[in-house]
Each structure stands twice: as structure tokens, then as C-alpha cells.
Amino acid sequence: MKKIIKNLPKAELHIHIEGSLEPELMVKIAKRNHKKLPFNSVEEAKQAYQFNDLQSFLDIYYQGTNVLCTEEDFYDLTWNYLQKAKEQNICHTEIFFDPQTHTHRGVPFAAIITGISEALKAGKEQLGISSYLILCFLRDLSLESAFATLENAIKYGDKIKAIGLDSAEKNNPPSKFKSVFEKGRAAGFLTVAHAGEEGSSDYIWQAINLLKVSRIDHGVRCIDDPKLVEYLAKMQIPLTVCPLSNVKLKVFNSLEEHNLKILLDQGLCITINSDDPAYFDGYLNENFIGISQALNLTETDLKKLINNSFKASFLDPRDKEKLYLN
Ligand code: ADE
Ligand code: ZN
């Protein structure tokens, strides 16, 4: 099974580029930017990566992002992930970035988007990996800040495919961002949103009805509402599920208790993703291997999950056709 997983080409649709910042690169970038880190070695950093919930992770994650300052930093970060993606046989990736985390520290939006985009261009040319960028608004910041960020997104609209919503979910419902998503859709962006990771199934309904999302990121709490499960299956609204992340952030106690096989068997378009691989002990293949072993997935399940990754992507239908496994 491991060999099959490693060898099959696949798409990744839920990866925060800042969450791919490995401690080794963090230390290197901190040094060249004369930034202090809260730990003294790579080993110490890894030991600190123990989380109780989403917020305890976000506190450490945002601390790590503080080292990223220049266009070169964003290029190196993205290039590092793309090399890893190549090793894992990822042929297409749709990458989140969190500009407010950086612009709020004085980093110019241009440095962020240019660094990431240049690396993605090199990824296409040198590694054959196609990609789209998804700008996420931080839902624990204000609506005004999201609108200011959307202005930047519109300026660089040719480099951004979709807008999304991430960060601390509880008490930051999708409804808070209805107006900024409306403006974003009018400007031509597709939409996605993290919903039903820690938050209630009602947040998934809000993301669908108010933000008009093409996909739900996580979405595993849909299981609390049978009508919602039925609707997701009927409409084939994909869920970008992140098994290792869900265990690390205690959404489930173990991979064995994960509900993705139940949802898959109910006909939902489930995809497997890594979320923040540098923090959660694994990239895409480790997620596939871990969940396959824990839930006894069959080769048919695996192929379904991989084909779902293409089906749920923002690729052209004609490009998708070429990627589907038989
Ligand atoms: N930002 C990075 N990873 C995230 C996650 N799992 N949930 C919400 N926001 C995030
Ligand atoms: Zn995420």
C-alpha cells in the first residue's frame, strides 16, 4: 500500500505555505534577518510542537511566521515545499497563504506575493508541478482588515485563484465575512473556507449559503447534522480533510477514530491533505499512509480519494480528465 501511495500522482488542496516552514529553514531565515526565535535548536523547536487545540497551535505557528520578511524568504519557503511535493508525486497543488500575518508586521504585500509566485513559476518549469494560490483572510481579525487585504488581492488578481478563511474558528463565524466574500466573488475569485474543524456544523452551512464556497476546508463536524451530510453528498461539495492535523489538534483522539471513511462511504467528495506539514509530523503521503493503516482503506478507497483530489481542484475539466486514475 505504501508503494502505491508514493507512486501515484496526486493533487493537494489544503496546505498553508507558512505551515510548511520546517524548523531548519526557520533557523536559517531567522539568522539572515537577525530575528530571535523562542528556542535554541531544531530539536527544541520540534519538542515544542505539542498542541491541545487549534489556538495552541496557532500561537506557535504565528511565532514561526515572524521570521519571514523578504521576497527571498517567501521564495525559499515555497521552493522548499515544492521540492517536497515533487518527492511525494504531487503533480498539482492549491496553496493557502496568510498575508495579514505578514503585512501586520510591516512586510509589503508585493514581497509576499512575488516571492511565492516566482517559486510557483519555477515549480512549473523545473518540477512540472502546476499550482494555484488561495489568499486566506484571518477570521480573528476585523472585517476592515479583510477588505484592505482584498484590495491587495485585486491588484495581484492574475496571481490568485481564490479567497479563503482560516485561523481561530470558534466565535468567528463565516457570516462575519459575507460582504468581503461578495466583493471578492464580484472581482472574479473563487471561494473556500475553513469550517467545521473545531466550529459547529452550522458554520459549514454558513460557508455554503453566505460565502458560496466551492469547497469546505476540514468540514469533519458535518457529521453532527445528517441533513448537511446528505446535502454535501448530493451537491458533491468537496471536503479537504487533514487527518494528521486533526489528531495533532485533538479534533479526533486518534486516526482510528477519524470519520473520513464514514463520510466517504456516504458518498461525500473527501480529499486528503497535509494542512501544516512542518508542524504535524507529515506531508501528504504520510497522511495517506497513516489513515490507510488506521482505517483499513482499500486500494479502491485510495484511488477514489486521489481522483477526488483532481475532481475537487480548480483545474480545467480538460486537464482533470488527463489526471484521473482508472
Ligand atoms: N491556519 C493554519 N492551519 C490552520 C488550521 N488547521 N485551521 C485554521 N487555520 C489554520
Ligand atoms: Zn488549514
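# Zinc site, cavities and aromatic pairs in a predicted model

Along the sequence, the residues that donate to the zinc ion (ligand 2) follow the spacing H-x1-H-x177-H-x80-D. The model is a predicted one. The donors themselves are His14, His16 and His194, each through NE2, together with Asp275 through OD. Their distances to the zinc ion (ligand 2) run from 2.0 to 2.2 Å. The angles that the four donor atoms subtend at the zinc ion (ligand 2) range from 83 to 172°, and the arrangement is therefore irregular. For the tetrahedral class, all angles would have to lie between 85 and 135 degrees.

Two of these donors can be placed in the fold. His14 belongs to strand S1, which covers residues 10-16, and His194 belongs to strand S5, which covers residues 190-195; the pair therefore ties together parts that are 180 residues apart in sequence. His14 has a relative accessibility of 0%, so it counts as buried. His194 is also classed as buried, because its relative accessibility is 4%.

Two of the zinc donors appear again in the lining of an enclosed space. The search returns one cavity of 30 Å³ or more. The largest cavity holds about 100 Å³ of space. Its lining consists of 14 residues, and those nearest the centre are His16, Leu54, Leu58, Ser167 and His194. Helix H4 gives the most to this lining, with five residues. Sorted by class, the lining of the largest cavity has five nonpolar, four polar and five charged residues.

Helix H4 also holds an aromatic pair. Over the whole structure, 14 aromatic pairs are found. One of them joins Phe57 and Tyr61, with 5.1 Å from centre to centre and 40° between the planes, an arrangement classed as tilted. Phe57 and Tyr61 are four residues apart in helix H4, which spans residues 54-65, so about one helical turn separates them. Phe57 has a relative accessible area of 2% and is therefore buried. Tyr61 is buried as well, because its relative accessible area is 2%.

A second pair, between Trp205 and Tyr231, is tilted too, because the ring centres are 5.3 Å apart and the planes meet at 45°. Trp205 sits in helix H10 (residues 201-209) and Tyr231 in helix H11 (residues 226-235), so this pair ties together parts that are 26 residues apart in sequence. Trp205 counts as partly exposed because its relative accessibility is 22%. Tyr231 is likewise partly exposed, with a relative accessible area of 25%. Both values lie in the range between the buried class, under 20%, and the exposed class, over 50%.

The pair in helix H4 is also part of a wider group. Ring pairs link Phe57 and Tyr61 with Tyr49, Phe51, Tyr62, Tyr279 and Phe280 into a cluster.

The open spaces are a separate matter from the cavity. The volume of the largest pocket is about 220 Å³. It is lined by 13 residues, and Leu120, Ser131, Tyr132, Leu133 and Lys159 lie nearest its centre. Helix H7 (109-127) and strand S3 (130-138) are the elements that give two or more residues to this lining. The lining of the largest pocket comprises five nonpolar, three polar and five charged residues.

Some individual positions remain. Glu71 is in helix H5, which covers residues 71-87. With a relative accessible area of 39%, Glu71 is partly exposed. Its C-alpha atom is 9.1 Å from that of Pro108, and the two residues are 37 residues apart along the chain.

Positive phi values occur at two residues that are not glycine, Asn89 and Lys250. For Asn89 the angle is about 65°. Asn89 is located in the loop between H5 and strand S2 (90-97). The relative accessibility of Asn89 is 31%, so it counts as partly exposed. For Lys250 phi is about 60°, and the residue lies in the loop between helix H12 (243-248) and helix H13 (260-265). Lys250 is exposed, because its relative accessible area is 52% and the exposed class begins over 50%.

Note on methods. Residues numbered from 1 in each chain as written. Chains lettered and ligands numbered in written order. Predicted model: local features only at pLDDT ≥ 70, side-chain atom pairs only at ≥ 80, totals over all residues. Heavy atoms only, no water. Donors = N, O, S within 2.8 Å, 3.2 Å for Na, K, Ca; no water. Tetrahedral: all angles 85-135°; square planar, octahedral: opposite > 155°, others 65-115°. Buried < 20%, exposed > 50% of the residue type's maximum accessible area, 1.4 Å probe, protein only. 1 Å grid on protein atoms, 1.4 Å probe; cavity = no way out; pocket = protein on both sides within 12 Å on 5 of 7 lines; lining within 4 Å. Points joined across faces, edges and corners; volume = space filled by probe spheres on them. Nonpolar A, V, L, I, M, F, W, Y, C, P; charged D, E, K, R; others polar. Phe/Tyr/Trp six-rings, centres within 6.5 Å; stacked < 30°, edge-to-face > 60°.
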